[in-house]
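Visitor: I am in my first year and would like to take a close look at a single part of this structure. Could you choose one sheet and lead me through it and its surroundings, step by step?

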Amino acid sequence: MRATLIYGAGDVRVEKVPDPVLREPTDAVVRVLRSCICGSDLWPYKSMPVSESMPVAERGQRIGHEFLGVVEDVGTDVSGLKTGDVVVAPFVWADNTCDFCLEGLQTSCRHGGLWGAPGVDGGQGEAVRVPQAEGTLVKLPVDEDSALLPSLLTLSDVFPTGHHCAVSAGVNPSTTVTVIGDGAVGLCAVLSAKRLGAERIILMGRHSDRTDLGREFGATDVVAERGKEGIEKVRELTGGDGTHTVLECVGLKPAIETAFEVARAGGVVSRVGAPQYPEVPAGFGVFMSNITLTGGVAPARAYIDELLLDILDGTVQPGRVFDRTIGLDEVPDGYRAMDAREALKVLIRP
Ligand SMILES: [Zn+2]
């Protein structure tokens, strides 16, 4: 079969790899119906060092952590899943039974791990061996050709991540919200804040096609300015105070700096952008304003069952974040297009 491998910064290839097979009784094999490229895949795409000491043939690593597909084979210890089931996988695999999982923190599962780790398949391929399949996979009550597949695919990562950001911040009908970032996660954070009842949602982003979708998802105001001007604009919109909650969906230092500056005294900054900075700039001003910092990697598995229902009944359509669909062979160009900001989020049909 074919799958995507990353060899180093800017070097993504689609190559023949061995077909996945069951290795553990807790495994399943899933044929991928849809996958996609994540903003976080762009970090290694920008900066993964090329290990010159390693022979080229051994340098490639499987990549991709968002996929849904059809169960082709299940191990003897897997119950509740059978061949032919349509399933979605969260971006971290987990047993869903250990103490952390039972607390809703599947990202810290004692027996879980990451897709694309050594010995583990990535999601951007024709098929995937799924470890801890019973705990990881969620059965979807749809057919292989359902029109809902793009929205259901967002359950792997961006929708639960936006939701986690909003839930961690304590968004509710009486909180005002600022969302920083108009990428797929930022837009899903807008959608999630709206879903949780927020009436005032200020979206900070400068790509008008994306912020237009943000308005459709529930943003009431858009601030295109960044830095000092952006901060002033949000303050202007909120009587000088800032908002009760700030959802930081970028992960760069200017974004987290802005987040603290637009949070109302006593407010909450929630971050889900994978931090590309070593220290959080939370000094005396943040202390004096009693601002809480929360958020982190989203335990997507904990939220899928709940969010799934709203996709199935048409309440939300997070799949609208996909603005380009490609085949597996076009994946290298998909990375290039997302990195060049030509595409918001790229859907892959292997
Ligand atoms: Zn666990």
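**The parallel sheet and its surroundings**

Guide: In this predicted model, a good place to start is the pair formed by strands S15 and S16, which run in the parallel sense and are joined over four bridges. If you look for one of the points where these two strands meet, you will find Val269, whose bridge partner in S16 is Leu293.

From this pair you can widen the view to the whole sheet, which is open and consists of six strands, paired in parallel and arranged in the order S13-S12-S11-S14-S15-S16. Strand S13 (221–223) and strand S16 (292–295) have a single partner strand each and stand at the edges, so each of them has one side that is left without a neighbour in the sheet. As you follow the sheet across, notice that neighbouring strands are turned against each other by 20° on average, when direction is ignored.

Next, consider a helix beside these strands, namely H10, which covers residues 253–261. Its buried residues are Ala255, Ile256, Thr258, Ala259, Phe260 and Glu261. The elements that cover them include three strands, S11 (177–180), S14 (243–248) and S15 (263–271), together with the helices H9 (227–237) and H11 (284–288).

The interior can be followed further through the largest nonpolar core, which has 104 residues, and in which Leu68, Val87, Val179 and Leu247 have the most contacts. Helix H7 (residues 184–195) gives the most to this core, contributing eight residues. The core also draws on both domains, taking at least three residues from domain 1 (2–157 + 299–349) and at least three from domain 2 (162–295). Val179 is worth a closer look, for once its neighbours within four places in sequence are left aside, Val179 is in contact with Gly186, Ala189, Val190, Ala193, Ile201, Leu203, Met204, Leu247 and Cys249.

Finally, let us turn to two helices, H6 (residues 158–169) and H12 (residues 300–312), whose axes come within 9 Å and cross at roughly 100°. The two helices are therefore roughly perpendicular to each other. Where they meet, H6 brings Phe159, Pro160, Thr161, His163 and His164, while H12 brings Ala300, Tyr303, Ile304 and Leu307.

Note on methods
Residues numbered from 1 in each chain as written. Predicted model: local features only at pLDDT ≥ 70, side-chain atom pairs only at ≥ 80, totals over all residues. Core = buried A, V, L, I, M, F, W, Y, C linked by C-beta atoms within 7 Å. Buried ≥ 20, exposed ≤ 12 C-beta atoms within 10 Å, placed from the backbone. Domains from an automatic or database assignment. Contact = placed C-beta atoms within 7 Å. Axes fitted to C-alpha atoms, helices over the stretch in contact; angles between N-to-C directions. Parallel < 35°, antiparallel > 145°, perpendicular 65-115°, else oblique. Pairing = 2+ DSSP bridges.
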